[in-house]
Amino acid sequence: MERRYGEWAGNPKGTAEDITRCIWEVWPNDTYIPHQCRRKRGYGKDGLYCKQHAKKHQEEDNRHG
Ligand SMILES: [Zn+2]
């Protein structure tokens, strides 16, 4: 399935996934509209994450068992 980011009433289609970038969904504190992480992917599961989020994702996987 295609990933999309930042779908809300003012932008119902959101923003399509940039396949060169980390798939992590970032929630800014100021707008509350999520956007795709802007770092380059290449780490973690299937190389879909940036270095920082690969680590974070791995930690969450471990928590969920
Ligand atoms: Zn990232």
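**Notes on a predicted model**

1. Start with Asp46. This residue is exposed, because just 8 other C-beta atoms lie within 10 Å, and the cut-off for exposed is 12 or fewer. Keep in mind that the model is predicted. Asp46 sits in the loop between strand 4 and helix 1 (51-63). Look at its backbone too. Phi of Asp46 is positive, about 55°, although the residue is not a glycine.

2. Turn to Tyr32. Its place is the loop between strand 3 (25-26) and strand 4 (35-36). Here phi is near 60°, again a positive value in a residue other than glycine. Is Tyr32 buried or exposed? Tyr32 counts as exposed, because it has 9 C-beta neighbours inside 10 Å.

3. Next comes Lys51, which belongs to helix 1. Lys51 has 14 C-beta neighbours inside 10 Å, so it counts as partly exposed. Exposed would need 12 or fewer, and buried would need 20 or more. Now compare positions in sequence and in space. Lys51 and His35 are 16 residues apart along the chain, and their C-alpha atoms are separated by 17 Å.

4. Now the interior. Which residues form the largest nonpolar core? There are 5 of them: Cys22, Ile23, Trp24, Tyr49 and Cys50.

5. Finish with Trp24, a member of that core. Set aside its neighbours within four places in sequence, and Trp24 is in contact with Cys37, Tyr49 and His53. Of these partners, Tyr49 is also listed in the largest nonpolar core.

Terms used: Residues are numbered from 1 along each chain as its sequence is written. This is a predicted model: local features need pLDDT of at least 70, side-chain atom pairs count only at pLDDT 80 or more; totals for chains, interfaces and linings use all residues. A nonpolar core is a set of buried Ala, Val, Leu, Ile, Met, Phe, Trp, Tyr and Cys residues joined through C-beta atoms within 7 Å. Two residues are in contact if their C-beta atoms, placed from the backbone, lie within 7 Å. Helices (H or I, at least four residues) and strands (E, at least two) are DSSP runs, numbered from the N terminus.
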